[in-house]
Amino acid sequence: MKVRKRTLALGLYFVFLLLPLYWLVNMSLKPNEEILGELTLLPQNVTFENYVTIFTNADWYTGYLNSITYVSLNTIISLAVALPAAYAFSRYSFVGDKHFFFWLLTNRMAPPAVFLLPFFQLYSTFGLIDTHIAVALAHCLFNVPLAVWILEGFMRGVPREIDETAYIDGYSFPLFFATVFLPLIRAGIGVTAFFCFMFSWVELLLARTLTTVEAKPIAATMTRTVSAAGIDWGLLAAAGVLTIVPGALVIWFVRNYMAKGFALGRV
Amino acid sequence: MEKWPDNKAWFLVLPVVVLVCFSAIIPLMTVVNYSVQDILQPGMGFFVGTEWFERILHDERLHGALQRQVLFSLTVLLIEMPLGIAIALALPTRGWGVSACLVLLALPLLIPWNVVGTIWQIFARGDIGLGGAAVKALGLNYNYTASATDAWITVVIMEVWHWTPLVALLAYAGLRAIPDAFYQAARIDGASAWAVFRYIQLPKMRGVLTIALLLRFMDSFMIYTEPFVLTGGGPGNATTFLSQFLTRLAVGQFDLGPAAAFSIVYFLIILVFSWVFYQALEGMGKGASK
C-alpha cells in the first residue's frame with residue numbers, strides 16, 4: 001500500500017513535469033485560429049505548417065545552425081583546455097593548486113549579467129562581435145570550470161598505478177595521455193561534453209548580446225514571432241519544440257552517467 | 001590518494017589560465033575599472049573613488065530587488081530541496097523504468113532558458129494556456145500579467161518546474177552509491193523507514209546535496225532569462241530580481257559606473273553566501289557523521 005502511494009505521488013509529479021511540454025507540442029500543431037479560439041486538448045485540425053515555415057525559411061533554420069555551431073565550438077575548446085588541467089589537479093600537487101581550483105569554481109558563480117558589458121567591449125576591440133567564436137569563448141566562462149571539476153572527479157577514480165606502469169614501460173606523457181588515459185575516462189569525457197553542450201545551449205543572455213545577425217542563436221530568433229499583428233503563437237510553440245529536440249537526443253546517450261556528472265563526478 | 005609534488009604541473013593548467021584570463025579576469029578588471037571612474041566619453045574618465053558604491057548601496061530600488069531576490073531564492077530552495085529528495089526516494093531502483101524516469105526528469109534542464117519562459121508564458125495564460133485556464137475554471141481570479149502575487153507565484157512554480165529535477169538527479173545519484181549492506185544492517189536492527197532515511201540515506205547524500213544546494217542557490221540568485229520572458233520583471237517591479245536590475249542599469253540606462261559598482265557587490269554577495277553555505281554544511285557533516 002505504501003509503495004503504491006509513493007508511485008502515485010511520483011506519477012503526479014511527472015504529470016506536473018510533462019503538462020507544460022504537452023501543451024507546447026499541442027499548440028505547435030494547431031493553426032492560430034484554433035489557438036486563439038477555444039481550448040482544445042488535442043488539435044482538431046492538425047497542421048504541420050508551423051514546422052514547414054521553420055524548415056524552409058532561412059531566417060529560421062540558420063538560427064539553429066548558429067546555435068549548434070557555437071555550442072560545438074565551445075564544447076571542443078572547453079574539453080581541450082580542461083583535459084590537461086584536470087589531469088594536473090588529479091595527479092600532482094603544486095604551488096597554489098587548491099586556491100586556483102577553488103578560484104576556478106568562483107567563475108561558475110559569476111552572474112552572466114555582470115559580464116555583459118565588459119564582454120561586449122572586449123570582443124568589439126578584437127572585432128569578434130557577431131561571430132560564433134565570440135559566443136563560444138564567452139561561454140567558456142562557466143563551462144571551463146565545470147569541465148575541469150567534472151573531469152577531475154572522473155580522473156581521480158583511475159588508479160595512479162596505471163600511470164606509473166605506463167611510464168616505466170617507456171611511454172612519454174603525450175603518448176600515454178592520448179592512447180592509455182583518455183580511453184579509460186571515455187565516460188567522463190562524454191558526460192563533460194554533455195554538460196558543456198547543455199549549459200551553452202540553454203544560455204541566451206550572453207549569446208544574444210554578442211551577436212546581431214550572422215551568428216544569432218535560435219533562441220533570439222524566436223523573439224521575432226512578435227509582430228505588429230500580435231504574437232504568432234503556433235510558430236513560437238513549434239520553434240520551442242525544436243529547441244528541445246537536440247537536448248532530448250543527447251540526454252538519451254548519457255542517461256546512465258548523467259547523475260554522476262551533475263554531482264561533478266563526486267558521488 | 002597521495003599526489004606527486006611537481007610544480008611543472010602548472011604547464012598543464014596553463015591553457016586554462018590563458019583562457020580564463022580572456023574570459024574572466026580581463027572583463028572583471030574592466031568592471032573594477034568602471035566602478036571607480038566617471039566616464040564621460042570613451043577614453044575620458046576621472047577617478048571618483050567609492051562614489052558609485054555609496055550611491056548604489058543607498059539605492060532604494062536596489063534594496064527592493066535584493067529583498068525580492070533573497071525571498072525568491074529562499075522560497076525555491078525550501079521547495080526544491082525537499083521535493084527533489086522525495087522524488088529521488090520514490091524513483092524506481094531497477095528495471096526499464098529507471099532510464100525512462102531519468103530521461104524525463106532531465107528534460108526541463110535541457111530547454112533553453114528563454115524557451116522555459118515561453119512555455120510558461122503560454123501555459124499560464126488565462127485565455128490560451130491550459131494551466132491558466134484550469135486555475136480560472138476553479139473560480140480563482142488569476143492573471144500573472146496584472147497581479148503581483150500571481151506573477152510571483154508563477155515565477156516560483158516555473159523555477160520549481162525547471163530546476164527540481166537537478167536536485168532529484170543529484171540526490172538519486174547519492175542514493176545509488178549507498179551499499180546494500182547498510183540497508184541489510186538496518187533491517188536486522190528493525191529500523192523504521194524514517195530512521196533509515198535520517199541516519200543512513202541523509203548523511204550519505206550530504207556530499208551531493210551540498211553541491212545541489214550550492215548550484216541551486218547560485219543559479220536562482222542569478223536568474224534572469226525566465227522571468228524576463230515571462231513577466232518582464234513586472235507587473236511594476238514585482239518580479240525584478242538582481243540580474244534584471246543590473247541589466248536595466250547597464251544596458252538600458254547605460255549608467256556604467258553604478259552598474260559596475262553593483263556588479264562587484266552582486267558577485268561578492270554570491271561568493272559570501274556560497275562560502276557560508278559550504279562551511280555550514282561541511283561543519284554539520286563533521287559533527288554528525290563521525
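In chain B, 70% of the contacts between residues at least 6 apart in sequence join residues at least 24 apart. The coordinates belong to a predicted model, which scores ipTM 0.82 and pTM 0.84.

**Chain B: overall description**

Chain B contains 13 helices and three strands. Of its 290 residues, 41% count as buried. Taken along the principal axes, the C-alpha atoms of chain B fill a box of roughly 75 × 70 × 30 Å. The mean pLDDT of chain B is 82, with 94% of its residues at 70 or more. Among the elements of this chain, helix α3 (residues 60-90) has the highest mean pLDDT, 90, whereas strand β3 (residues 44-47) has the lowest, 69.

**Annotated spans**

An unreviewed UniProt entry assigns "domain: ABC transmembrane type-1" to residues 66-277 of chain B. In the model, this span is 76% helix and 0% strand, and its end C-alpha atoms lie 18 Å apart. For "transmembrane region", the unreviewed UniProt entry lists residues 12-36, 70-90, 96-116, 207-225 and 259-281 of chain B. For chain A, the UniProt annotation of that name, also from an unreviewed entry, covers residues 7-25, 68-89, 101-120, 132-154, 175-202 and 233-254. The table gives the computed helix content and the end-to-end C-alpha distance for some of these spans.

| Span | Helix | Strand | Distance between end C-alpha atoms |
|---|---|---|---|
| Chain B, residues 12-36 | 96% | 0% | 36 Å |
| Chain B, residues 207-225 | 84% | 0% | 29 Å |
| Chain A, residues 132-154 | 100% | 0% | 30 Å |
| Chain A, residues 175-202 | 96% | 0% | 36 Å |

**Interface between chains A and B**

Contacts between the two chains involve 73 residues of chain B and 77 residues of chain A. On the side of chain B that touches chain A, the largest share, 14 residues, comes from helix α1 (residues 10-35) of chain B. By residue class, that side of chain B divides into 57 nonpolar, 14 polar and two charged residues.

The chains are also linked through strand pairing. Strand β1 (residues 92-93) of chain A and strand β1 (residues 4-5) of chain B run parallel and are joined by two bridges. Within this pairing, A:Y92 stands opposite B:W4.

Helix α1 of chain B also holds B:F11. Is B:F11 buried or exposed? B:F11 is classed as exposed because 12 other C-beta atoms lie within 10 Å, and the exposed class applies at 12 or fewer. B:F11 and B:I26 are separated by 15 residues in sequence and by 21 Å in space, C-alpha to C-alpha.

**Nonpolar core**

The largest nonpolar core comprises 152 residues, and those with the most contacts inside it are A:A82, A:A85, A:V148 and B:A171. Helix α7 (residues 132-156) of chain A supplies the largest share of this core, 17 residues. Which residues does A:A82 contact, leaving aside its neighbours within four places in sequence? In chain A they are A:V144, A:A147, A:V148 and A:L151, and in chain B the partner is B:V16.

**Local features of chain B**

Helix α12 (residues 242-252) of chain B is mostly covered, with eight of its eleven residues buried. The buried residues include B:L242, B:F245, B:L246, B:L249 and B:A250; B:S243, B:Q244 and B:T247 are likewise buried. Just after this helix, B:F254 takes a positive phi of about 55 degrees.

B:S147 is located in the loop between helices α6 (130-137) and α7 (148-176) of chain B. What is the exposure class of B:S147? Because 15 other C-beta atoms lie within 10 Å, B:S147 is partly exposed; the count falls between the limit of 12 or fewer for an exposed residue and that of 20 or more for a buried one. B:S147 and B:G234 lie 87 residues apart in sequence, while their C-alpha atoms are 9.1 Å apart in space.

Terms used:
Residues are numbered from 1 along each chain as its sequence is written. Chains are lettered from A and ligands numbered from 1 in the order in which they are written. This is a predicted model: local features need pLDDT of at least 70, side-chain atom pairs count only at pLDDT 80 or more; totals for chains, interfaces and linings use all residues. Two residues are in contact if their C-beta atoms, placed from the backbone, lie within 7 Å. Helices (H or I, at least four residues) and strands (E, at least two) are DSSP runs, numbered from the N terminus. Ala, Val, Leu, Ile, Met, Phe, Trp, Tyr, Cys and Pro count as nonpolar, Asp, Glu, Lys and Arg as charged, and the others, Gly among them, as polar. Two strands pair if DSSP finds at least two bridges between them. UniProt positions are given in the numbering used here, feature names are shortened, and annotations may be inferred rather than shown by experiment. pLDDT is the predictor's confidence in each residue, from 0 to 100. A nonpolar core is a set of buried Ala, Val, Leu, Ile, Met, Phe, Trp, Tyr and Cys residues joined through C-beta atoms within 7 Å.
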